[in-house]
Amino acid sequence: MTLITRQQARAGFAFASPWLVGFCVFLAYPVLASIYFSFCDYSVLKAPVFIGADNYKELWGDEVFWTAIKNTLVYAAMALPTGMLTALILAMLLNAKVKGMPFFRTIFFIPALVPQVSLAVLWLWILNGEHGILNNLLNPILHGVSRVGNLGVTVLNLVPFHHTYDMLDLQGPNWLGSPAWSKPSMVVLGVWGVGNAMLIYLASLQDVPTELVEAADLDGASSWQKTLNVTIPMISPVILFNMIMGIIGTLQVFTVPYIMFPNGDPARSTYFYTEYLYDNAFKYHRMGYASAMGWILFVMILILTFVSIRFSERHVHYQGG
């Protein structure tokens, strides 16, 4: 075994120094500083003043803080399973041996390459309640349903002892202006951009051992049984990975709602955790308060990740394990 000389060690550190400097300046120092600032009254413009756990105590009684947590968790509960299921279904469809499949794979992956700001502006046009493309497509369908419904109402009104029915007037959802539709509209955006998760699923599907599928065929298994008992267990580590990345991504959602729903409108239904953190740090100049929020978010993600990994121990199959 050769010994490393001092000259070789110095050369190694010299080559690694750009990464080491970047790590210390852009990661290690900010992390350590944020821990300290979370226990301080720090406005950025003045020197931090140590106040102990007062920031955390104030957060406990902050109604906006709890509203932001609620909005974020509700959105995550809607977007995470929807996005994962959509990405998995698309990957299975794109794994089929069909002529021209590379073209379709490219088409479904391209939305994931769109920058977040451009994505938000694009969907502002699509989801516009009056002139948006989506409602222009939905309105003819809804009007057809309305005409059928009105015909039924007319028939019912001819029956003796009938009740009074209001004529149906169905319109497309107010995606951007209604608290009931604001989060579902964000979920639609998330589904549109599942290309990265879809690509990871697709790679894992192509790595499923063919001998297992052939054995299932010989046993007379149906397509559903092969998917449930062969494909899903073999790609379960990738499902776990995408779930953890999805948890992190949905809890840190920021750019798209910040542009599409200023100030969390309508009625703060889209005022997510990271937006409140950003406002405290850069609008209200309460960097210490924002640092405390950042560490609470870190603990939330850590707990959810730990629970996901512990839950997966019985359900995730590792090849060769």
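Asn 55 is buried in this predicted model. Its relative accessible area is 4%. The residue lies in helix α2, which spans residues 54–60. Beyond its neighbours within four places in sequence, Asn 55 is in contact with two groups of residues. One group comprises Phe 37, Ser 38, Phe 39 and Cys 40. The other comprises Gly 288, Tyr 289 and Ala 292. Of these partners, Cys 40 is itself buried, at 1% relative accessibility.

Tyr 289, a contact of Asn 55, also takes part in a charge–ring arrangement. The charged end of Arg 286 sits over the ring of Tyr 289. The distance to the ring centre is 4.1 Å. Arg 286 also forms a salt bridge with Glu 58. In that bridge the closest N and O atoms are 2.9 Å apart. The pair links distant parts of the chain. Glu 58 belongs to helix α2, whereas Arg 286 lies in the loop between α13 and α14. The two residues are 228 residues apart. Both are partly exposed: Glu 58 has a relative accessibility of 37%, and Arg 286 has a relative accessible area of 30%.

Side chains of opposite charge can pair when their charged atoms come close. The structure has 4 salt bridges in total. One of them joins the side chains of Asp 217 and Lys 226, at 2.7 Å from N to O. Asp 217 is partly exposed, with a relative accessible area of 40%. Another joins Lys 283 and Asp 279, at 3.7 Å from N to O. Lys 283 and Asp 279 both lie in helix α13. They are 4 residues apart, about one turn of the helix. The accessibility of the two partners falls in separate classes. Lys 283 is partly exposed, at 42%. Asp 279 is buried, with a relative accessible area of 2%, because values under 20% count as buried.

The largest nonpolar core contains 35 residues. Phe 65, Tyr 201 and Tyr 276 touch the most other members. Several helices contribute at least two residues each: α3 (63–94), α8 (195–205), α10 (223–234), α11 (236–251), α13 (273–283) and α14 (287–312). Helix α3 supplies the largest share, 12 residues. Apart from this core lies another, of 16 residues. Its members include Tyr 75, Leu 119, Ile 126 and Val 256.

Tyr 201 was examined in more detail. Residues up to four places away in sequence were not counted. Tyr 201 touches Met 84, Ala 87, Leu 88 and Ala 91. It also touches Ile 235, Val 238, Ile 239 and Asn 242.

Aromatic pairs number 17 in the structure. A pair of aromatic rings is described by the distance of the centres and the angle of the planes. Trp 19 and Phe 23 form a stacked pair. Their centres are 5.2 Å apart, with 15 degrees between the planes. Both residues lie in helix α1 (residues 6–37). Being 4 residues apart, they are separated by about one helical turn. Trp 19 is exposed, with a relative accessible area of 57%. Phe 23 is partly exposed, at 34%.

The pair of Trp 175 and Trp 181 has another geometry. The ring centres lie 5.1 Å apart and the planes meet at 70 degrees, so the pair is edge-to-face. Trp 175 is buried, with a relative accessible area of 7%. Trp 181 is partly exposed, with a relative accessible area of 35%. Elsewhere, Trp 60, Phe 65, Trp 66 and Tyr 273 form one aromatic cluster. Phe 65 is thus named twice, in this cluster and among the core residues that touch the most other members.

Cysteines were considered last. A search of the whole structure finds 0 disulfides. Cys 24 is partly exposed, at 43% relative accessibility. Cys 40, the contact of Asn 55, is buried.

Notes. Residues numbered from 1 in each chain as written. Predicted model: local features only at pLDDT ≥ 70, side-chain atom pairs only at ≥ 80, totals over all residues. Heavy atoms only, no water. Core = buried A, V, L, I, M, F, W, Y, C linked by side-chain atoms within 4.5 Å. Buried < 20%, exposed > 50% of the residue type's maximum accessible area, 1.4 Å probe, protein only. Contact = heavy atoms within 4.5 Å. Phe/Tyr/Trp six-rings, centres within 6.5 Å; stacked < 30°, edge-to-face > 60°. Lys NZ or Arg CZ within 6 Å of the ring centre and 35° of its normal. Disulfide = S-S within 2.5 Å.
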